[in-house]
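Visitor: I am new to this structure and would like a close look at a single part. Please walk me slowly around the ligand and its surroundings.

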Amino acid sequence: MPHNLQLSVCVFCGSKTGTNPAFVGAAVDLGTRIAKSGMRLVYGAGDIGLMGSVANAAQIAGGDVFGVIPEHLLQWEVGKRDLTQFIVTETMHERKKVMAMNSNAFVLLPGGLGSLDEFFEIITWRQLKLHDKPTYVLNVDGYWDGLKTLIDSQIDAGFVGEFNREFFTFFDDVDALMTALDQLA
Ligand code: AMP
């Protein structure tokens, strides 16, 4: 990536906060550090759950935040209109496409089915050579250990290639994740 461009980091995360306070802690830490590193946060423009935590932290730290939300979720996910850029799409698919097009790297924080959908879609697009951007998983307190085990078993069973491992990297803490992101900037 050319050095004069701002790195855009797309964060996929829960529309709930989850039961472990470490999840909100990690989201706030990541949002703050993305902003302080001069990177732009790209996310689903909601003001609830970890989505709200990461975005509010980035804003408080003075960062740029680019949010994309489909019209039908404006009320449900509490569309956060005070972002640097706030984009309303017609559909969920359009939301994911706009987020992906405007990002250089993807991060999966703890989350639910929607976060998993976003993670799998982005690594599937990479498998299909539609992009070559890295995806990082923040494995807060081992929350994503089950995901790691699932993918390992898919590789063992021959449905996923060993080479697909290079599409995503697991990190145990925000420090290690930020080191990887800094190397892209
Ligand atoms: P969740 O991880 O389920 O809390 O959802 C996190 C985010 O993913 C929210 O912004 C959801 O709107 C979004 N999401 C939920 N389901 C889907 C889906 N099928 N495709 C894309 N995004 C989704």
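Guide: Gladly, and one piece of sorting comes before the walk: Ala, Val, Leu, Ile, Met, Phe, Trp, Tyr, Cys and Pro count as nonpolar, Asp, Glu, Lys and Arg count as charged, and the others, Gly among them, count as polar. With that sorting, the shell around the ligand has five nonpolar, six polar and five charged residues. Please keep in mind that you are looking at a predicted model.

Let us begin with the place itself. The ligand sits in the largest pocket. Two elements give two or more residues to the shell around the ligand: helix 3, which covers 92–101, and helix 4, which covers 113–127. Helix 4 supplies the largest share of that shell, with five residues. If you would like to find your way on the screen, pick out these two helices before anything else.

Now come in closer. There are 16 residues around the ligand, and those that come nearest are Ser-15, Glu-77, Gly-112, Ser-115 and Asp-117. Try finding Glu-77, one of these nearest residues. An N or O atom in the side chain of Glu-77 is 2.3 Å from an oxygen atom of the ligand. Asp-117 is also among the nearest residues, and here an N or O atom of the side chain is 2.8 Å from a nitrogen atom of the ligand. Gly-114 takes part through its backbone: one of its polar backbone atoms is 2.9 Å from an oxygen atom of the ligand. As for how much of the ligand is wrapped up, the protein covers 77% of the 480 Å² of accessible area that the ligand has on its own.

The two helices deserve a visit of their own. Let us start in helix 4, where Glu-121 lies. Is Glu-121 buried or exposed? Its relative accessible area is 19%, and the limit for buried is under 20%, so Glu-121 counts as buried. The side chain of Glu-121 makes a polar contact with the side chain of Lys-96, at 3.4 Å. A polar contact needs a pair of N or O atoms within 3.5 Å.

Next comes helix 3, where you will find Arg-95. Arg-95 has a relative accessible area of 3%, so this residue is buried. What does the side chain of Arg-95 reach? It reaches the backbone oxygen of Gly-44, at 2.7 Å.

Gly-44 also gives us a way to another part of the chain. The C-alpha atoms of Gly-44 and Gln-6 are separated by 19 Å, and the two residues are 38 residues apart along the chain. Gln-6 belongs to the segment before strand 1, which covers 8–12. With a relative accessible area of 34%, Gln-6 is partly exposed. Its side chain has a partner, too: a polar contact of 3.2 Å joins the side chain of Gln-6 to that of Asp-64.

Let us finish with two places in loops where the backbone is worth a look. Val-78 is in the loop between strand 3 (65–70) and strand 4 (85–89). Its phi is near 50°, a positive value in a residue other than glycine. At 39% relative accessibility, Val-78 counts as partly exposed. The other place is Lys-129, in the loop between helix 4 and strand 6, which covers 135–138. Phi of Lys-129 is near 60°, again a positive value in a residue other than glycine. How accessible is Lys-129? Its relative accessibility is 75%, so Lys-129 counts as exposed.

To retrace the walk, start from the pocket where the ligand sits, and look for Glu-77, Gly-112 and Asp-117 among the nearest residues. Then follow helix 4 to Glu-121 and helix 3 to Arg-95. From Arg-95, the side chain leads you on to the backbone oxygen of Gly-44.

Key. Residues are numbered from 1 along each chain as its sequence is written. This is a predicted model: local features need pLDDT of at least 70, side-chain atom pairs count only at pLDDT 80 or more; totals for chains, interfaces and linings use all residues. Side-chain values use heavy atoms; hydrogens and water are left out. A residue is near a molecule or strand if one of its heavy atoms lies within 4 Å of it. A polar contact is a pair of N or O atoms within 3.5 Å; within protein, one must be able to donate a hydrogen and the other to accept it, and residues adjacent in sequence count only if both atoms are side-chain atoms. Accessible areas come from the Shrake-Rupley method with a 1.4 Å probe; for residues, only the protein chains shown count as cover. On a 1 Å grid over the protein atoms alone, a cavity is a set of points where a 1.4 Å probe fits but cannot get out, and a pocket is an open set with protein on both sides within 12 Å along at least five of seven lines; lining residues have an atom within 4 Å of a point. A molecule sits in a cavity or pocket if more than half of its atoms lie within 2 Å of its grid points. Helices (H or I, at least four residues) and strands (E, at least two) are DSSP runs, numbered from the N terminus. Buried means under 20% relative accessible area, exposed over 50%, partly exposed in between (1.4 Å probe, protein chains only).
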